[in-house]
Amino acid sequence: MDSFLSPHLQELATSDILSPEASGALDRLLDSDAFEGRFPHLEIWKPGGLVAYSRTKELIGKKFPPPEGLLEALGGKVASRYADLDAEEHTIRHFNKAYLEIYVPVREYLSGRIVAVAEIHEHPGAIERRLFHVRLQTWLVTAALTLLLMASLVSIVYRGSRTIATQQEKLRDNIRAVQQISEQNRVFKERAQRASSRLAELNARYLRNVGAELHDGPAQLVGLAALKVEHIRRARTTAKREENLASMETALSEAIREIRTISKGLMLPEIEDLPLCEVVDLAVSAHKKHTGTKAAVDCDLPEKAFPHAVKICVYRFIQEGLNNAFKHAGGRGQTVSCKIKNRVLTLSVEDEGGEREGWQSAREAGLGLAGMRDRVESLGGTVTISSKSNGGTRVEMKLDVAEAEKNA
C-alpha cells in the first residue's frame, strides 16, 4: 500500500493539503474495483488531526481529534484497530459498520521523515471469516484435547479403580487366609493343650500302675524277706536257719527280678545322639527281641538333626504300634515306613490282620493308643487309624518338625 500511495503524497512534506492533480491521481487509483471492493474509504492525515485527503470530500481540510492509531503511526508504527463509530469523522458520514482501520506512516523519500499518515478502511468480512476459522479450529483443538485428557483421566481412574479393587480382593483373600490359619492355630493349640493334659493324666496313671506293681510285687517279696530275718533270728537249729535263709534269698531274688522287669519297661535306650532312621531300626529291633516277630522297615530321611522330643515320639509310636500289631494281628505283615516331605514327618505302622481280635475294635481300650495319640498331638501332630482292604490295620502319624520343635 505504501508503494501505491507514497508517490502521490510527497508534496505533503511542504503542504497541508494535496493538490488537485495529486487528489485526482489518488481518486483514479482508488476507484478501481480491486481497491474499492476491499478498501472503501481512505484518509490522509497530517500531524495534529488535519485531514489532507479523503474520499469523502467534505472532510478535506477539517481537523479532528487525532485517533489513537494516528498517534501510533506518527511514532513510526503500523497500527490497526476496529473503527470507533462514535468518532466525529465517522458520525459525519453516518458509519454503522465497524471497518478495520489500518494506519500507515508516509515518509519523505530523502529524509525518511514522517510527513503524513494514511488511514485505510478495510471491509472486515475476510479477516472476520479468517478469525472465525481460527476460533473454530482453536475450539476444535481445545475440545479434542479436552476429550483426550478426559479419556486419559477416565482410563487412569478406571485402571486405578481396577487396581484398587484387585488389591482389595487380594487383601480380603489374605485376611480370610490369615483368619483360617489363625483358627487352625487356635484348634491346634487347644488340641495340643488337651493332649498335654491327657498325657499328664496318663503319666500319672502310669505312675500309679508302676507304684501298684512295685507295691504288689517287689515290695511284698521284700516284706516277706524281712519277716524271714526274724525267723532266722529265732531258729533253734542250723537246718531251720538254712531253710529260712534259702526262702529269704528266693524272695529277694524274685523281688530283684521283678524290679528289673518293671525298670526295663520304663527305660528308653540312649537315642538322643542317633539319627532318626537308626532310632526307627532300634525300636524295630527291640520289638523283634521281645516278641520274636519281624517287621519290614522303609526309612528314607535326610541326614539332619531332629529334636530329641521327636525321636522319643517316633520310638514310642513304633513301640506301641508294633505291640498292638503283635497283640491283635499276631505280628503278621508288620511294616514300618518313615518319610519326610516339606518338613512334615510321616510315620506309619501296618499289619495284615489275623484271627485274633482286631485292634480296630480295641483302639479305645487301654492306655496305649490314647497315650500314643496324646503324645503326637502334644507336639502339634495328628494320628489316624484305618483299616486296609486285606483286613489289616494302618496307624499313621503326621508331624510338622518345625512346629514340634516349638512345642517340645
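Over how many bridges do strand 4 and strand 5 pair, and in which sense? In this predicted model, strand 4 (residues 100-107) and strand 5 (residues 114-122) are joined by 8 bridges in the antiparallel sense. One position in this pairing is Tyr103, whose bridge partner in strand 5 is Glu119.

Strands 4 and 5 belong to an open sheet of 5 strands, arranged in the order 2-1-5-4-3 with antiparallel pairing. The edges of the sheet are formed by strand 2 (50-54) and strand 3, each of which pairs on one side only. On average, neighbouring strands of this sheet are turned by 25° against each other, direction ignored.

The edge strand 3 (residues 79-82) contains Tyr82. With a relative accessible area of 39%, Tyr82 is classed as partly exposed, because this value lies between the limits of 20% for buried and 50% for exposed residues. Together with Ile127 and Leu131, Tyr82 makes a nonpolar surface patch of about 240 Å².

A parallel pairing is found between strand 6 (residues 296-300) and strand 7 (residues 335-341), which are connected by 5 bridges. Within this pairing, Asp298 stands opposite Ser337 of strand 7. Strand 6, helix 9 (residues 308-329) and strand 7 together constitute a β-α-β unit, and the unit is left-handed.

Helix 8 (residues 276-291) includes Leu282. The relative accessible area of Leu282 is 29%, and this residue is therefore partly exposed. Although Leu282 and Tyr315 are separated by 33 residues in sequence, their C-alpha atoms are 8.2 Å apart in space.

Backbone conformation was also examined. Most residues other than glycine have a negative phi. A positive value is found at His94, a residue other than glycine, where phi is near 60°. His94 is placed in the loop between helix 5 (88-91) and strand 4. The relative accessible area of His94 is 67%, so this residue counts as exposed, the cut-off being over 50%.

A positive phi is likewise found at Asn342, with a value near 55°. Asn342 lies in the loop that links strand 7 to strand 8 (344-350). Asn342 is exposed, with a relative accessible area of 66%.

Technical notes
Residues numbered from 1 in each chain as written. Predicted model: local features only at pLDDT ≥ 70, side-chain atom pairs only at ≥ 80, totals over all residues. Heavy atoms only, no water. Patch = residues over 30% accessible without salt bridge, like charges linked within 9 Å, V, L, I, M, F, W, Y side chains within 5 Å. Areas by Shrake-Rupley, 256 points an atom, 1.4 Å probe, with all protein chains shown as cover. Salt bridge = Lys/Arg side-chain N within 4 Å of Asp/Glu carboxyl O. Helix = DSSP H or I, 4+ residues; strand = E, 2+ residues; numbered from the N terminus. Buried < 20%, exposed > 50% of the residue type's maximum accessible area, 1.4 Å probe, protein only. Pairing = 2+ DSSP bridges. Axes fitted to C-alpha atoms, helices over the stretch in contact; angles between N-to-C directions. Right-handed = clockwise from strand over helix to strand, strands pointing away.
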